[in-house]
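Student: Could you go through this one with me, starting with how the terms are defined?
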Amino acid sequence: MNARAYLFSFSPDFHSLHSHKASSDFPLPKKRLFRFRFQDRTCVFRVSGRNAGEFTGLARREIGKVFAEVKSEQVKFREALDDVVLGEEDLEGDVPWWEQFPKRWVIVILCFSAFLLCNMDRVNMSIAILPMSAEFNWSPTTVGLIQSSFFWGYLLTQIAGGIWADTVGGKLVLGFGVVWWSIATILTPIAAKIGLPFLLVVRAFMGIGEGVAMPAMNNILSKWVPVSERSRSLAFVYSGMYLGSVTGLAFSPFLIHSFGWPSVFYSFGSLGTVWLATWLSKAYSSPLEDPELLPKEKKLIVSNSVSKEPVKKIPWRLILSKPPVWALIGSHFCHNWGTFILLTWMPTYYNQVLKFNLTESGLLCVLPWLTMAFSANLGGWIADTLVSKGLSVTTVRKIMQTIGFLGPAFFLTQLSHVNSPAMAVLCMACSQGTDAFSQSGLYSNHQDIAPRYSGVLLGLSNTAGVLAGVLGTGATGYILQHGSWDDVFKVSVGLYLVGTVIWNLFSTGEKILD
């Protein structure tokens, strides 16, 4: 039964309208709600009725015209339902609360949970490497090599992941990434016991899976999230990485002491299957592909999103000719050098310098990541508020990223002057906390300057960031064999200062690529 026939079955006998006139024996409902399913699409209609007296003199021809319009437009949902779809206030009593929850935030939460797993599976090695190095008699240089091997694969899929996401959609790419890195995580203990070369290959394979995550996420959010919610949504998703570090660092020592270091990889890796089942059933690459998306939310997203058409060809020459693109690439390198060193070497610093045991190292590493999760969301809220108050996007991005550079630089310089472990942990927490303002700076800038190519652009800049991770993580092991932790921190501070200059001179928040 089509919409016209169904509505007509609830209508009064219009042939007898004149005989009823304004009689109270023929009341019509003031409002009715009707839900229709057309193949795989569900629509909600509000039909406002009139009293019989109001229908007096209404020609059958006019009523028929209304029905014809409903029938002829019944499958063009975005256009036809703009005038008849219920507002949120009308739906509250008729649609379950879980269907009223914005679908775009379901997508954001799923991306958040993917990034939570991403860093859980990544940081577990920074804790497990301590008993593993003791068992296999690895030197600091070998430990640095193992830590950096992850980035070999991570580097390979940055640009490729961005191209793939922009052309086939972020849902498929992110799903692939989670499955791939989860399998590699589970295989890590087996590879370590076979031999060092096998471990290096498996860690590189894990990097391949995690390498597509950020470009794919950036592609999805560029389509699902309106510009006015960009900083908050990205900050929330990236805070999943920080909370993933918190979870991994907090639970890894317990699992190692209770079940041995291989249990960390088996338990964390298996969580990817739970996420994948939810992702496949709930996520779509674009709001235009989601058959369950309410028309009002679809209209909000489509009218406020700047990334609408799929990419067929990447204009590499044009992209690489823009100074803001190179500012983004250079700043990403400078930022990630310090960030990845802290991510991979912090437990070792706590253990060797501050003399914390394995459990204390893991638990105290949690504080800086908790600070980052809080600061990232605070920074996102501040950035969106400043933009809504009329401050230019360019100014907001420069302010937030300057904090993200100079804050860590200042607090890392204080580490050489503190004498107590508590103050050292506090400096680390403040350094990481201010670093998280970068999520509303350079990490939001890809969608600002090139929304249609945001996946590719993030892959491009993050390639530079990964190079910083590879070089920085490996170089730290070398520096520690021939120098001290103060030397490690001095290099990071120098790059933070260079990044500050580059960002403020050449970056912009305006769209430079259509």
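Tutor: Patches are made of residues with over 30% relative accessible area and no salt bridge, with nonpolar side chains (Val, Leu, Ile, Met, Phe, Trp, Tyr) joined within 5 Å and like charges within 9 Å; a salt bridge is a side-chain nitrogen of Lys or Arg within 4 Å of a carboxyl oxygen of Asp or Glu, and accessible areas come from the Shrake-Rupley method with a 1.4 Å probe, only the protein chains shown counting as cover for residues. This is a predicted model, in which local features need pLDDT of at least 70 and side-chain atom pairs pLDDT 80 or more, while totals for chains, interfaces and linings use all residues. Residues are numbered from 1 along each chain as its sequence is written, and side-chain values use heavy atoms, without hydrogens and water.

Student: Which residues make the nonpolar surface patch?
Tutor: Val179, Ile183, Leu187, Ile190, Ile194, Phe198 and Tyr266 make this patch of about 630 Å², and helix α9 (residues 170-194; helices are DSSP runs of H or I, at least four residues, numbered from the N terminus) gives the most to it, with five residues.

Student: And where does Phe198 lie?
Tutor: Phe198 lies in helix α10, residues 196-211, and counts as partly exposed because its relative accessibility is 48%, between the limits for buried (under 20%) and exposed (over 50%), with a 1.4 Å probe and protein chains only.

Student: Switching topic, how many residues of α21 are buried?
Tutor: Eight of the eight residues of helix α21 (residues 442-449) are buried, so this helix is largely enclosed by the rest of the structure; among them are Tyr443, His446 and Asp448.

Conventions: Helix = DSSP H or I, 4+ residues; strand = E, 2+ residues; numbered from the N terminus.
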